[in-house]
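Work through the exercises below with the model open. Each task is followed by a solution in steps.

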Amino acid sequence: QVQLTESGGGSVQAGGSLRLSCAASGYTYSSAYMGWFRQAPGKEREGVAAIDFDGRTNYADFAQGRFSISKDNANNTLYLQMDRLKPEDTAMYYCAADDYIMGWEIAAFNVDEYNYWGQGTLVTVSS
């Protein structure tokens, strides 16, 4: 059974940093398309960052320059380093993965493209 478990969320003040982790069991990140998504109360889930099996990355405009997605294939762990956090970054952050996403360059942030999801880790940024 594929399981994705996020960790690293918490409460920080604006301008602070957090490093989210997503540990996988029954899955190998090296052969997968992976992404971080977030969902604030009352809003739709949106893509934050994505990385393919070759290490190519995509970032949402709001994440570019502040967030960095990376993976540790040996430990089967996905990371999201978040710096200079803003109150509007407050959301539940989810790790997602799939074996293959056709047209990844344009579909990387489509929620429906990902079959495997973690339960989320809450990030709260106060002003």
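**Exercise 1. Find the salt-bridge partner of Asp89 and state how far apart the closest N and O atoms are.**

Solution. This is a predicted model. Start at Asp89 and look for a side-chain nitrogen of Lys or Arg within 4 Å of a carboxyl oxygen. Arg38 fits: the closest N and O atoms are 2.8 Å apart. Next, place both residues in the chain. Asp89 lies in the loop between β8 and β9 (91-98). Arg38 belongs to strand β4 (residues 33-39). The two are 51 residues apart, and the pair links distant parts of the chain. Finally, check burial. Both Asp89 and Arg38 are buried.

**Exercise 2. Which residues are linked with Arg38 in a network of salt bridges?**

Solution. Begin with the pair from the previous exercise, Asp89 and Arg38. Then extend the search to the linked residues. The network holds Arg38, Glu46, Arg66 and Asp89. For the wider setting, scan the whole structure: the search finds 5 salt bridges.

**Exercise 3. Take the salt bridges of Arg56 with Asp52 and with Asp54. Is each of the acidic residues buried or partly exposed?**

Solution. First, the distances. Arg56 and Asp54 meet at 2.8 Å, N to O. For Arg56 and Asp52, the closest N and O atoms are 3.4 Å apart. Second, accessibility. Buried means under 20% relative accessible area, and partly exposed runs from there up to 50%. Asp52 has 3%, so Asp52 is buried. Asp54 has 49% relative accessibility and therefore counts as partly exposed. Third, Arg56 itself. Its relative accessibility is 48%, so Arg56 also counts as partly exposed.

**Exercise 4. What is the strand order of the open sheet of 4 strands, and why is one side of β1 and of β7 left without a neighbour in the sheet?**

Solution. Read the order across the sheet: β1-β3-β8-β7, with antiparallel pairing. Now look at the ends. β1 (3-7) and β7 (67-72) stand at the edges. Each has a single partner strand, so one side of each has no neighbour in the sheet. Then check the twist. Neighbouring strands are turned by 15 degrees against each other on average, direction ignored.

**Exercise 5. How many bridges pair β7 with β8, and which residue stands opposite Ile69?**

Solution. Follow β7 alongside strand β8 (residues 77-82). The two pair in the antiparallel sense over 6 bridges. Then step to Ile69: Leu80 in β8 stands opposite.

Terms used: Residues numbered from 1 in each chain as written. Predicted model: local features only at pLDDT ≥ 70, side-chain atom pairs only at ≥ 80, totals over all residues. Heavy atoms only, no water. Pairing = 2+ DSSP bridges. Axes fitted to C-alpha atoms, helices over the stretch in contact; angles between N-to-C directions. Buried < 20%, exposed > 50% of the residue type's maximum accessible area, 1.4 Å probe, protein only.
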